[in-house]
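User: Please take a close look at a single part of this predicted model, the loop that follows the helix, and set that part in the context of the whole chain.

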Amino acid sequence: MPQRTKCKKCGEILYEDIELKPPHEIFNRFNGRCPKCGSKLSSRPIKVEVQMIE
Ligand SMILES: [Zn+2]
């Protein structure tokens with residue numbers, strides 16, 4: 001089942017793959033900022049949304 005992680009502010013898809021990734025890895029990958037809106041991502045508490053795609 002794929003994982004989709006979106007920016008909570010602008011809805012930009014930050015990560016989408018069949019492989020599950022822990023939120024802090026996604027956080028590190030973008031240096032803590034959404035590449036689209038520049039909004040600060042927070043790894044703790046988790047502010048990115050993880051959704052399971054059916
Ligand atoms: Zn954003």
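Analyst: With 8 C-beta neighbours inside 10 Å, Asn31 counts as exposed, because a residue is placed in that class when 12 or fewer other C-beta atoms lie within 10 Å of its own. Asn31 belongs to the loop that runs between α1 (23–29) and β3 (49–52). Its backbone is notable as well: although Asn31 is not a glycine, it has a positive phi of about 55 degrees.

The helix that precedes this loop offers a second asparagine to examine. Asn28 is found in helix α1. Asn28 has 12 other C-beta atoms within 10 Å and is therefore exposed, since the cut-off for that class is 12 or fewer. Between the C-alpha atoms of Asn28 and Leu41 the separation is 9.6 Å, and these two residues are 13 apart along the chain.

The surrounding architecture can now be described. The protein chain contains 1 helix and 3 strands, and their order along the sequence is β-β-α-β. Ahead of the helix, strand β1 (residues 3–6) pairs with strand β2 (residues 13–17) in the antiparallel sense, over 4 bridges. Two of the bridge partnerships can be named: Arg4 is partnered by Glu16 in β2, and Thr5 is partnered by Tyr15 in β2. The hairpin of β1 and β2 has 6 residues between the strands, and there Gly11 takes a positive phi near 85 degrees. A positive phi is thus reported for Gly11 in this hairpin and for Asn31, which is not a glycine.

For the chain as a whole, buried residues make up 11% of the 54 residues. Of the contacts with a separation of 6 or more, 46% are between residues 24 or more positions apart.

Finally, the confidence of the prediction deserves attention. The mean pLDDT of the protein chain is 81, and 76% of the residues score at least 70. Among the elements, β2 has the highest mean pLDDT, 89, whereas β3, the strand at the far end of the loop that holds Asn31, has the lowest, 64. Where pLDDT is low, the predicted coordinates should not be read in detail.

Key. Residues are numbered from 1 along each chain as its sequence is written. This is a predicted model: local features need pLDDT of at least 70, side-chain atom pairs count only at pLDDT 80 or more; totals for chains, interfaces and linings use all residues. A residue is buried if 20 or more other C-beta atoms lie within 10 Å of its own, exposed if 12 or fewer, and partly exposed in between; C-beta atoms are placed from the backbone. Two residues are in contact if their C-beta atoms, placed from the backbone, lie within 7 Å. Two strands pair if DSSP finds at least two bridges between them. pLDDT is the predictor's confidence in each residue, from 0 to 100.
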